[in-house]
Amino acid sequence: MDALVAGAEAFIQVFRTAADVFVGFTTGIIPIVVVFLTAVNATVNFIGKERVEGFAKWASQEGWIYMPVRYTLLPFVAVFMLTNPVCYTFGTFLPEKHKPAFYDAAVSFVHPITGIFPHANGGELFVWLGIAAGVEAIGGNTTALAVRYLLAGLVVILIRGIVTDIIYGIMVSRKENA
Amino acid sequence: MQALIEKIGRSVGGVVGTLFQAGRDAVDLCLKTIIPFMAFVTFVIGLILETGVGDAIANGIKGFSSSLGGLMIVCIICAIPLLSPLLGPGAVIAQIVGVLIGTEIGRGNIDPSMALPALFAINPQVGCDFVPVGLALGEAEPKTVEVGVPAVLTSRMITGPISVVVGYLFALGL
């Protein structure tokens with residue numbers, strides 16, 4: 001009988017702990033996400049689609065000089081303003097040969113951005129939150145981590161854009177020669 | 001005069017309407033995606049913390065997650081072009097592994113300095129399942145998609161490990 005009670009106790013304890021964590025997340029994460037989402041949604045609507053598209057046209061020009069713009073600034077604006085998965089429509093403005101690289105850069109940014117701008121990818125927050133919760137539990141500074149995640153993300157997407165551009169170029173020329 | 005009042009009234013209404021709609025969208029997203037996923041995630045955390053499962057997992061991922069080399073191995077495996085499209089959908093795998101590693105950081109089994117490189121190491125497959133759709137959203141031609149898909153998948157083999165190193169460098173001094 002005692003064993004049974006102990007077993008039941010252990011069983012229910014899983015859910016008690018889970019519930020405690022759930023309450024922690026609900027009070028810690030949900031309020032700020034809701035308020036933030038509201039503010040950003042409104043900002044995006046006020047800035048308007050035309051202005052964003054004008055910027056996208058400028059940022060998607062060809063040439064090496066535009067690479068940092070094309071693979072960091074453009075994905076950032078796309079993911080920030082349009083959020084996942086609508087952000088990939090910005091590919092429309094790019095020359096055909098740069099579309100795969102832009103997609104690679106944009107899609108690689110949908111998680112690094114969530115540390116500071118959770119609205120951009122609300123459905124996939126726990127890549128960041130999962131790890132951030134652990135860092136917070138031991139008293140680490142999650143804001144500092146979020147800023148670094150964002151900056152590192154920008155560097156990574158620039159590298160991804162450039163590498164994918166090169167690989168795509170090689171694959172296309174091989175295909176044409178074959 | 002009446003025109004002025006009408007104009008003011010209309011623009012104020014527009015602003016309030018936009019803000020209200022923004023709030024509605026925000027709450028909608030919370031209720032329909034964030035909270036359901038949170039429920040699932042907290043259940044996993046509860047299981048990890050309260051059962052022996054956590055210790056088994058901890059021993060498994062500790063070896064990989066507590067050194068740069070180990071994270072590189074995780075990253076290269078996740079970036080294999082045959083695996084990456086399977087691991088990608090909805091970032092579910094990345095989110096679960098993120099929670100696992102986060103929980104172990106919280107329990108003191110993994111050094112927090114590994115948090116940033118780990119964020120990149122568990123995620124080289126991001127969007128690998130979505131390349132054709134993503135390119136189609138950008139109105140790419142079928143020819144571009146045909147070459148673009150393998151190009152992105154191949155590129156991840158190179159940029160995945162690089163991203164872990166970038167994460168490691170950015171974590172210095174944290």
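The buried residues of helix 5 of chain A pack against helix 4 (67-82) and helix 7 of the same chain A, and also against helix 7 (131-137) and helix 8 of chain B. In this predicted model, nine of the nine residues of helix 5 of chain A are buried, so that helix is largely enclosed by the rest of the structure. The buried set runs through K99(A), P100(A), A101(A), F102(A), Y103(A), D104(A), A105(A), A106(A) and V107(A).

One of these residues, A106(A), touches P75(A), A78(A), V79(A), C87(A) and Y88(A), when residues up to four places away in sequence are left out of the count. A106(A) also appears, together with L119(B), as a residue with the most contacts inside the largest nonpolar core, which has 94 residues. Helix 7 of chain A gives the most to this core, with 12 residues. Domain 1 (1-47) and domain 2 (48-177) of chain A both contribute residues to the core, so it lies between them.

Chain A is divided into these two domains, domain 1 (1-47) and domain 2 (48-177), and their centres, taken over C-alpha atoms, are separated by 29 Å. The contact between them takes nine residues from domain 1 of chain A and eight residues from domain 2 of chain A. On the side of domain 1 of chain A that touches domain 2 of chain A, the residues divide into eight nonpolar, one polar and no charged.

The contact between the chains takes 66 residues from chain A and 71 residues from chain B. On the side of chain A that touches chain B, the elements giving two or more residues are helix 1 (2-28), helix 2 (30-47), helix 5 (99-107), helix 6 (126-137) and helix 7 (142-177) of chain A. Helix 7 of chain A gives the most to that side, with 17 residues. The make-up of this side of chain A is set out below.

| Residue class, side of chain A that touches chain B | Number |
|---|---|
| Nonpolar | 43 residues |
| Polar | 16 residues |
| Charged | seven residues |

Helix 8 (residues 142-171) of chain B, one of the partners of helix 5 of chain A, has 30 residues and reaches 40 Å from its first C-alpha to its last, close to the 44 Å expected at 1.5 Å a residue. Helix 8 of chain B bends by about 40° at M157(B), and a proline, P161(B), follows within four residues. Just after helix 8 of chain B, G173(B) takes a positive phi of about 80°.

Key: Residues are numbered from 1 along each chain as its sequence is written. Chains are lettered from A and ligands numbered from 1 in the order in which they are written. This is a predicted model: local features need pLDDT of at least 70, side-chain atom pairs count only at pLDDT 80 or more; totals for chains, interfaces and linings use all residues. Two residues are in contact if their C-beta atoms, placed from the backbone, lie within 7 Å. Ala, Val, Leu, Ile, Met, Phe, Trp, Tyr, Cys and Pro count as nonpolar, Asp, Glu, Lys and Arg as charged, and the others, Gly among them, as polar. Domain bounds come from an automatic or database domain assignment. A nonpolar core is a set of buried Ala, Val, Leu, Ile, Met, Phe, Trp, Tyr and Cys residues joined through C-beta atoms within 7 Å. A residue is buried if 20 or more other C-beta atoms lie within 10 Å of its own, exposed if 12 or fewer, and partly exposed in between; C-beta atoms are placed from the backbone. The expected span of a helix is 1.5 Å times one less than its number of residues. The bend at a residue is the angle between axes fitted to the seven residues ending there and the seven starting there.
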